[in-house]
Number of protein chains: 2
Amino acid sequence: MVNPLFLPELREMLATDNETEMREFCETLHPARTADFMEGLSPEEAWRLLSFTDEDTREEIFGYFPHEAQVEILESQPVTEVAALVAELAPDDRVDMLAGVEEEIVGSILELLPAEERRDILRLSAYAEGTAGAIMTTDFAKLAESLTVREALNELSQEADELETIYYLYVVDDQSHLRGLVSARQLVEAFRKPNTMLSELMETELLTASVQEDQEEVARKVARLDLLAIPVVDEELRLVGIITHDDVIDVVREEATEDAHRIAAVAPLSQGYLQTGLFTLSWKRGMWLTILFVAALLTASALRRYETPLEMWTWLVLFIPLVISSGGNTGSQSSTLIITALSTGDIKLSDWLRIVKREFLVGLLLGSFLGAISYGTAFLLAPNPRAALVLPATVLLVVLSGAMIGSVLPMIFKRIGWDPAMMSAPCVAGIIDILGIVIYMNVALLILPKILGV
Amino acid sequence: MVNPLFLPELREMLATDNETEMREFCETLHPARTADFMEGLSPEEAWRLLSFTDEDTREEIFGYFPHEAQVEILESQPVTEVAALVAELAPDDRVDMLAGVEEEIVGSILELLPAEERRDILRLSAYAEGTAGAIMTTDFAKLAESLTVREALNELSQEADELETIYYLYVVDDQSHLRGLVSARQLVEAFRKPNTMLSELMETELLTASVQEDQEEVARKVARLDLLAIPVVDEELRLVGIITHDDVIDVVREEATEDAHRIAAVAPLSQGYLQTGLFTLSWKRGMWLTILFVAALLTASALRRYETPLEMWTWLVLFIPLVISSGGNTGSQSSTLIITALSTGDIKLSDWLRIVKREFLVGLLLGSFLGAISYGTAFLLAPNPRAALVLPATVLLVVLSGAMIGSVLPMIFKRIGWDPAMMSAPCVAGIIDILGIVIYMNVALLILPKILGV
């Protein structure tokens, strides 16, 4: 939501140094909406506007800025000014943000932070992108199991505003090993028995994620169990962080977008479309495009083997694009359906026989229908009505092959442990292009000599 | 996760009527894992196994069964047995589930439910699929603003186990109009001041969804503000339900899958791949496939206009599939990148000029590279090296057009209010197929007569 209408007013306030109005602007709305309204201001303007409100609000609004706007502000302002802000941001968000900031500036900011925050940033940024460690936060409620409900509520009420979630309280021993979980729901339920010990309430059958685990796997666990957060443990089973529901939504969205890109033969971008450099973008598209292109080059040599029939029956040439694209389109429908169903868990590899049968029948239906349509046009362009039969026969076989290859290949890739989303697009397209031509020419060679004579 | 290894043991327990073991199986693990382990049992077996545990556990495990398994159980067991279970399920989940059950059986179940639950089911099932009303739940904490923190905690501690979330408490007036929100976090923070009134604590600047609002829009709001839940209000601004974070994850996943299907020219399926009937599946694919097919038929008439050059220079025919597919692949890369970036909010329509410039440069780079590769093969098949120049020139122009059309069309569709995911696939493919042929033939007609003579 860009709000260009609001910008002149904000700039007017800044120009006239209207302190009251600027403070009011920062504090009246939800910080996310304030952040939206500020889109379009320069980093300097945004920073000056934020200086009119208190630290907490400033940090909250800043937290809702898009990534690149945050980086621009950090890079344009003196480090002494921004360090305090960085100290206040949520641990997981600030690590993501600092990854985009020039290394030298990050160094200067780190120097100005309290030792504990600095260590936290360095530790979190050590985890590889795409792992649980990289998206977890370290602001969570850790309590000793000897506490009572009343003591726990008391302790929480002091810490609450610094924690990312207070809805799950993690019970740990002296060495930070995770012992159990008490939900705020359980605390509230036990409110009338305030002397109950946490150890009596806590659940000990916990689902955890390990720091090295793939974020997609973690998201699947959280979504399956409708959790608010999942605890993350290191190799020694010490509790090192938690991943909250809002980060899971981001992961689900990110992974779905990456799958869509892979299906369209684009290697996943690690940043947004506009943030990705031109050469990176070209490279991530170029490598798959080149593979597809080389596969398509093979169609030229396939066609070359059939130069004689093509010269004899030149009207066949007219339908080459049609044959190629009907196979390709059916194949991409099938592979997309299978890839998405595999990744949402909607189908399993053990369903393969059912899937192959379905695709065979669907391919038969679609192929017959499209074949019938193609006959209408072929009838007009072929030398006689019986010769035109080459088209429906070819379309039926090609559509059927498209459905088969498009459904079987992703399952094979999944089975051997390759990413079906990434591998299927080029393979399905490459195979079906060549197969389409082979089918077309062989159907023609089978039917036409009998009808037209050689 | 199918666990076929576990099934024989479960069947053994059932055969030997081993009550202790069956109860233990139901109660030891997290209900979601128990449900996973039971996959593969017949509805009768599953229901009998569940009869060995208490009502609450039974309902929890049942809630984690896949949709179709739930429906099978409801349809196979006497309604008097299952009605109690239905009464206990979360309001939003049971409405989704009952939508799959035979109408007659639903009628009998409804008759056996308490009046309040029956009304709730009928009201929720009246909302159209895809709206906020259809995914909201009606189990949430509604409190009067005159309560103190202590009274609120007391009331909550009595109701907690029936509520879907206790983390947001909604403050309403006598007519159920939404007045404000108190988070459990605020209640806990105020724990040391138990006489504070809710009206002093509550936030009144609330983001709400209306019952008719599109679920995708609601999911975007919740994700943007990292909310745990969003209140849903009717036309008279009365609070009628809430949508919780776990349902938002489902919506995000569902919408992403639908987008991927639309990009691959499949009309979104309302059920899973295996649950969709064969004819529905064929229809949802067939309608778009037919549109693509008719567009491809037009390539035949486009080619027909160039029969003379094709008969004169037959080696040009060999590269028709290559030209078509390089345009199509580039176009689908661009349109997928733009569609996903638009739907995640990564780019906005106001960025159009930057996007067009980027795609132009990327198209130029990719086209030059692929053109250079194509020259290698064309060199071998064309009558002379200069004639082979037709290929790189064509590939450059076609790839460039693919990038332009693939990026501009989705933005135009978005601008005029059509779904870019749905419209782009057939339009981009149709246009680029024909344009590819026109470019190819015209480049040939421009270059070849000078080199080879007519």
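**Interface and helix packing in a predicted two-chain model**

In this predicted model, 118 residues of chain B are in contact with 118 residues of chain A. The area buried between chain B and chain A amounts to about 11000 Å², and carbon and sulfur atoms contribute 67% of that area. Polar interactions were also counted across this interface, where 21 residue pairs of chain B and chain A, both members at pLDDT 80 or more, are in polar contact. On the side of chain B that touches chain A, the largest share of residues, 17, is supplied by helix 19 of chain B, which spans residues 320-344. When the residues of this side of chain B are divided by character, 62 are nonpolar, 32 are polar and 24 are charged.

Side chains of opposite charge can pair when their charged atoms come close. Over all chains, a search of the whole structure identifies 35 salt bridges, and across the interface of chain B and chain A the rule finds 5. A salt bridge joins A:Asp36 to B:Arg224, with a distance of 2.7 Å between the closest N and O atoms. Within chain A, a salt bridge is formed by the side chains of A:Glu258 and A:Arg262, at an N to O distance of 3.4 Å. Both A:Glu258 and A:Arg262 belong to helix 16 of chain A (residues 245-263), in which they are 4 residues apart, or about one turn of the helix.

The packing of two helices of chain A was also examined. Helix 4 (residues 43-50) and helix 6 (residues 67-76) of chain A pack with their axes 9 Å apart and at an angle of about 85°, which means that helix 4 of chain A is roughly perpendicular to helix 6 of chain A. To this contact helix 4 of chain A brings A:Pro43, A:Glu44, A:Ala46 and A:Trp47, while helix 6 of chain A brings A:Glu72, A:Ile73 and A:Ser76. The residues of the contact between helix 4 and helix 6 of chain A comprise 4 nonpolar, 1 polar and 2 charged.

Notes. Residues numbered from 1 in each chain as written. Chains lettered and ligands numbered in written order. Predicted model: local features only at pLDDT ≥ 70, side-chain atom pairs only at ≥ 80, totals over all residues. Heavy atoms only, no water. Contact = heavy atoms within 4.5 Å. Buried area = accessible area lost by both parts, 1.4 Å probe. Salt bridge = Lys/Arg side-chain N within 4 Å of Asp/Glu carboxyl O. Polar contact = N/O pair within 3.5 Å; in protein donor to acceptor, adjacent residues only side chain to side chain. Nonpolar A, V, L, I, M, F, W, Y, C, P; charged D, E, K, R; others polar. Axes fitted to C-alpha atoms, helices over the stretch in contact; angles between N-to-C directions. Parallel < 35°, antiparallel > 145°, perpendicular 65-115°, else oblique.
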